[in-house]
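Welcome! Work through these exercises with the sequence and the 3D view open, and try each task before reading its solution.

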Amino acid sequence: MSNIAPKTNAKLGYSQKEILAQLTRVLSSDTFSHSSVLSSFLKFIVEETLEGNTDGVKEYTIGVSALGKKADFNPQIDALVRIHAGRLRRLLNEYYIGPGLADPIMIEVVKGTYVPVFRSQVAKKQNGKVVENENPPQYSRSKLTLAVLPFRNLCPDNEYQFFAEGFGEEITRIFSTNEDIAVIAHHSMRKYNADSADIRGIGNELGVHYVITGSVMRSSKEIRVSVGLAETLNGRQIWSKTYRHVLEIDKFIDIQDEINNDIFSILSGNYGFIIRDTMNAAQSTKKLDLASFDAILWNYHAQMTHSLEACITTSKALEKAIQNDPNNVMCLVVLGNLYLDSYALGFPTIEDPVNKAYQLIKKAIKIDPLSQYAHTIFGWANIYMHRKKEAIEAFDYSLQLGPSSASVKGTLGFGLACAGEYQRAHALLHQSLDLNPYCPWWYYMGFFFVFCHNKQYEEALECAQKMDASDDVFLKPLLITAAKGQLDLITDAQIEVEILTKQFPEIIDNLKMSLGTFMLDDALIVDIMEGVKKAGLSVG
């Protein structure tokens, strides 16, 4: 690396000399001087990137070339590189909050990749003081972006300042684990005064779609934390909640953790307030195209009803997005999930959809081994391959990867119901609805399976009737028929029997096989088929 030509980074205008000078500043700082392992890690990936060898910046090469692992190193078994990558991201953040605050170039290692990116810093020194740059960095809006303002401390005499300050840092950290939403580093938000911050101005300046705000108050007996979510285009407040807890100083950290996890569960995920608001705005403007971001939004819409048109449109959008961005983890996983759904519903799909979905999800996990969503859908792929043990292992691993949104809990709950793990399924589905009652129709199908397994057919019927699925989906009339048959409501079931006979004859002729694509409990399949037979439906 001693004879590097003075090339220029075309995107940012930095020469290799400038980037290497920044690398030297970082490595010679007190922050990095005490960690030879992370220094070697950072040096290797920066130098390889400058040489144009980004294809070689992978777990194996980092392990062998930077971390001293032997040639038989297997990153699928040994998570050393992933662990050190997380430590490296935290150390870089610590450096740029502190000694590197005024450096001209920021070196970042974005989660999901080991290839560093080089950005201009927001701050620089002028006459010994740190001031704003005239041209702050532009953040991409190709992904939903969130910022967390410092919480206002409204306690008398600024008591419990540590408690108020802790919210911004911790909420930012939790949301940084989210795959759907990019979050602005909290140190970049400290300059904004929460009392007078212009939400729309922050959106303009940082490219932020949504901002979380909050305040802390206390009385003699309780601590009260108020939290809100605003969108930045019009400055609308779209969600708020107030948390009250008994004032016990020795439990402040527990209180903060409970509040932060609740905020994350409610706001994040496929059906959280952030995605729902974005989806509503996109549908109202009719500006969706085939870019990765918009393809993902189409999927949120498709998952709510599973209409044939929505599933086909979404599949095409995702396939096009992956052609343009073949390593987009979220698009790979979502497309794999949609192939599985379409297969189960009898919709037109590709040849060998289950195996194709499995390969897409495996590729996503290889790119980002810590993707919670990828491991969740990997569990689903194993359901379709009738590998119960592997499916449950994948679901359990997904839960271990970090805080779970309401949608993750609901998806895992439904998956466990299909696997025949009814007690755990019921608990997760209830947790999901307690956090966010806005849910897709198939959550209620999960409840149906639980109640049907317990022979609680009245409760099962109630859940089936709540399934707000498209008319293209055979499962709603089928499950209503099954429950009514088991309850001897034969006359009442004839409307659904007629729908199934006229609209879904091929599925009814092969019903056992159709249900068996995604249900692993043969006894439950038999129970459902007995119910529809009692209602007068001839099934195969």
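Buried means under 20% relative accessible area, exposed means over 50%, and partly exposed lies in between (1.4 Å probe, protein chains only). This is a predicted model, in which local features need pLDDT of at least 70 and side-chain atom pairs count only at pLDDT 80 or more, while totals for chains, interfaces and linings use all residues. Residues are numbered from 1 along each chain as its sequence is written, and side-chain values use heavy atoms, with hydrogens and water left out.

**Exercise 1. Sort three residues**

Decide whether D262, S29 and P505 are buried, partly exposed or exposed.

Solution. Start with D262, which sits in helix α8 (residues 252-267); helices (H or I, at least four residues) and strands (E, at least two) are DSSP runs, numbered from the N terminus. Its relative accessible area is 16%, so D262 is buried. Leaving aside residues up to four places away in sequence, D262 touches K241, Y243 and L435, where contact means heavy atoms within 4.5 Å.

Next, find S29 in the loop between α1 (16-27) and α2 (30-33). S29 counts as buried because its relative accessibility is 9%. Its side chain reaches the backbone oxygen of V26 at 2.6 Å. Such a polar contact is a pair of N or O atoms within 3.5 Å; within protein, one must be able to donate a hydrogen and the other to accept it, and residues adjacent in sequence count only if both atoms are side-chain atoms.

Finally, P505 belongs to helix α22 (residues 505-509). With 38% relative accessibility, P505 counts as partly exposed. The C-alpha atoms of P505 and V539 are 9.2 Å apart, although 34 residues separate the two along the chain.

**Exercise 2. Describe helix α24**

Work out how far α24 reaches, what caps its N-terminal end and what its buried residues pack against.

Solution. First, the length: α24 (residues 522-534) has 13 residues and spans 18 Å from first to last C-alpha, close to the expected 18 Å. The expected span is 1.5 Å times one less than the number of residues.

Second, the ends. D521 caps the N-terminal end, with a side-chain oxygen 3.1 Å from the backbone nitrogen of A523. Just after the helix, G536 takes a positive phi of about 100°.

Third, the buried side: L524, I525, D527, I528, M529, G531 and V532 are buried. The buried residues of α24 pack against α17 (422-435), α18 (442-453), α19 (457-465), α20 (475-486) and α23 (511-516).

**Exercise 3. Describe two helix pairs**

Find how α18 meets α24 and how α3 meets α5.

Solution. Two packed helices are described by the angle between their axes and the distance between the axes. Axes are lines fitted to C-alpha atoms, for helices over the stretch in contact, and angles run from 0 to 180 degrees between N-to-C directions.

The axes of α18 and α24 cross at roughly 90° and come within 10 Å. That makes α18 roughly perpendicular to α24 (65 to 115 degrees; under 35 is roughly parallel, over 145 roughly antiparallel and the rest oblique). F448, F449, C452 and H453 of α18 meet L524, D527 and I528 of α24.

For the second pair, α3 (residues 36-50) and α5 (residues 80-97) pack at about 90°, with axes 10 Å apart. These two helices, α3 and α5, are therefore also roughly perpendicular to each other. V37, L38, F41, L42 and I45 in α3 meet V81, H84, A85, R87, L88, L91 and L92 in α5.
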